[in-house]
Amino acid sequence: MTSIRKALTIAGSDSGGGAGIQADLKTFQELGVYGMSALTALTAQNTLGVQGVYPMEPETVAAQLDSIGSDLPPDAIKTGMLFSSDIIRVVAGKVQQYGWQQKLVIDPVMVAKGGSQLLLQEAVQALITSLLPLSLAITPNLPEAEMLTGMTIESREDREQAARLLHQMGPEYIILKGGHDSSGDEAVDLLYDGREFQYMSSPRIATKHTHGTGCTFSAAVTACLALGRSMPEAVHTAKAFIQAAIEDSLNIGAGQGPTNHFAYGNRMRSRGIPL
Ligand SMILES: Nc1ncnc2c1ncn2[C@@H]1O[C@H](COP(=O)(O)OP(=O)(O)O)[C@@H](O)[C@H]1O
Ligand SMILES: Cc1ncc(COP(=O)(O)OP(=O)(O)O)c(N)n1
């Protein structure tokens, strides 16, 4: 009998379904992992932007994590939108209580593509001091890495220096995403394990329908870790997953459509390749 692998997302809800827990759960499902969620905030959101943010009470986040921790121990966990320092401290406490440190991937979500604040400014320091030291990996985009390190990141050397600084904050692996650098024909991500820099590159796709790319990418990393893959394997698969999801992204709504969470699985299934 094959064992069922479980992944948990601690994140916000996107009513439009392209980012947040909806993107995470779809990605877990596609990669064959049982998905669970602890909600940190509701957002009223669609392809045009975020119309409202409604955070959960910190105790409500704690209650969800207790329900999961006491009955359904996850094989891997990711965080997304955490919103406030109070919620971050609750999550950090539960990670320690349930011994989830070696399973935790932090996607340090700060600002939605439309510009809405998904992490309060006052919470950045709590993320650095309370959560990063407990994590296995962090997956910042370039603006998030700049905010966390205080650096301006322009060159390849800057990226490597930012990865070193982030590594000193606690995570064993730094996955620095390069989607925001539109200067070349490639979307280049960097994996750093404290020793070596590994670059992962794919052709940059010209589309505006990229809503939820970061959530989907970090969920794919988390699902692969839940399946027992190594970090380089997990990042490699996540890169292929997001590439297919952007190539087949969905032109729905009047704004920036979501990525297609089924594209990678559809391609693999049509070729008879196990996921
Ligand atoms: N236009 C694009 N074409 C191909 N890959 C992209 C594109 N935009 C982003 N990506 C990839 O999607 C993932 C998330 O990227 P990024 O945009 O940096 O993060 P976020 O969505 O958190 O802002 C990364 O693997 C990145 O390389
Ligand atoms: C509820 C919620 N969580 C996270 C995000 C940000 O998602 P991301 O994958 O970075 O995609 P964009 O918003 O940048 O397109 C979100 N929007 N909502």
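In this predicted model, the shell around ligand 1 comprises 5 nonpolar, 9 polar and 4 charged residues. Ligand 1 is surrounded by 18 residues, of which Asn 141, Lys 177, Gly 179, Ala 187 and Gly 214 come nearest. Strand E8 (186–192), helix H7 and helix H8 (231–247) each supply at least two residues of this shell. The greatest contribution to the shell around ligand 1 is that of H8, with 4 residues.

The surroundings of ligand 2 were described in like manner. Here 19 residues form the environment, and Gly 12, Ala 19, Gly 20, Lys 113 and Gly 214 are the closest. By class, 7 residues of the shell around ligand 2 are nonpolar, 10 are polar and 2 are charged. At least two residues each are provided by strand E1 (6–14), strand E2 (34–46) and helix H7 (213–226), and the largest share, 4 residues, comes from E1. Gly 214 thus appears among the nearest residues of ligand 1 and among the closest residues of ligand 2.

An open sheet is formed by 9 strands in the order E3-E2-E1-E4-E5-E6-E7-E8-E9, with mixed pairing. Its edges are strand E3 (49–55) and strand E9 (197–203), each of which pairs on one side only. Strand E7 (residues 173–176) and E8 run antiparallel and are joined by 3 bridges; within this pair, Ile 175 has Leu 191 of E8 as its bridge partner. Helix H2 (residues 58–69) packs on the sheet, where it touches E1 and E2, and its direction makes about 160° with that of E2. H7 likewise packs on the sheet, touching E1, strand E4 (76–79), strand E5 (104–106) and E7, with its direction at about 165° to that of E4.

A contact between two helices was also examined. Helix H3 (residues 85–97) packs with helix H4 (residues 124–131) at an angle of about 10°, and the two axes are 9 Å apart. Because angles under 35 degrees count as roughly parallel, H3 and H4 are described as roughly parallel to each other. Ser 85, Ile 88, Arg 89, Val 91 and Ala 92 of H3 meet Ala 126, Leu 127, Ser 130 and Leu 131 of H4. The residues of this contact divide into 6 nonpolar, 2 polar and 1 charged.

As regards annotation, an unreviewed UniProt entry lists residues 14–260 as "domain: Pyridoxamine kinase/Phosphomethylpyrimidine kinase". Over residues 14–260, the chain is 39% helix and 19% strand, and the end C-alpha atoms lie 15 Å apart.

Note on methods: Residues are numbered from 1 along each chain as its sequence is written. Chains are lettered from A and ligands numbered from 1 in the order in which they are written. This is a predicted model: local features need pLDDT of at least 70, side-chain atom pairs count only at pLDDT 80 or more; totals for chains, interfaces and linings use all residues. A residue is near a molecule or strand if its C-beta atom, placed from the backbone, lies within 6 Å of it. Ala, Val, Leu, Ile, Met, Phe, Trp, Tyr, Cys and Pro count as nonpolar, Asp, Glu, Lys and Arg as charged, and the others, Gly among them, as polar. UniProt positions are given in the numbering used here, feature names are shortened, and annotations may be inferred rather than shown by experiment. Axes are lines fitted to C-alpha atoms, for helices over the stretch in contact, and angles run from 0 to 180 degrees between N-to-C directions. Angles under 35 degrees count as roughly parallel, over 145 as roughly antiparallel, 65 to 115 as roughly perpendicular and the rest as oblique. Two residues are in contact if their C-beta atoms, placed from the backbone, lie within 7 Å. Two strands pair if DSSP finds at least two bridges between them.
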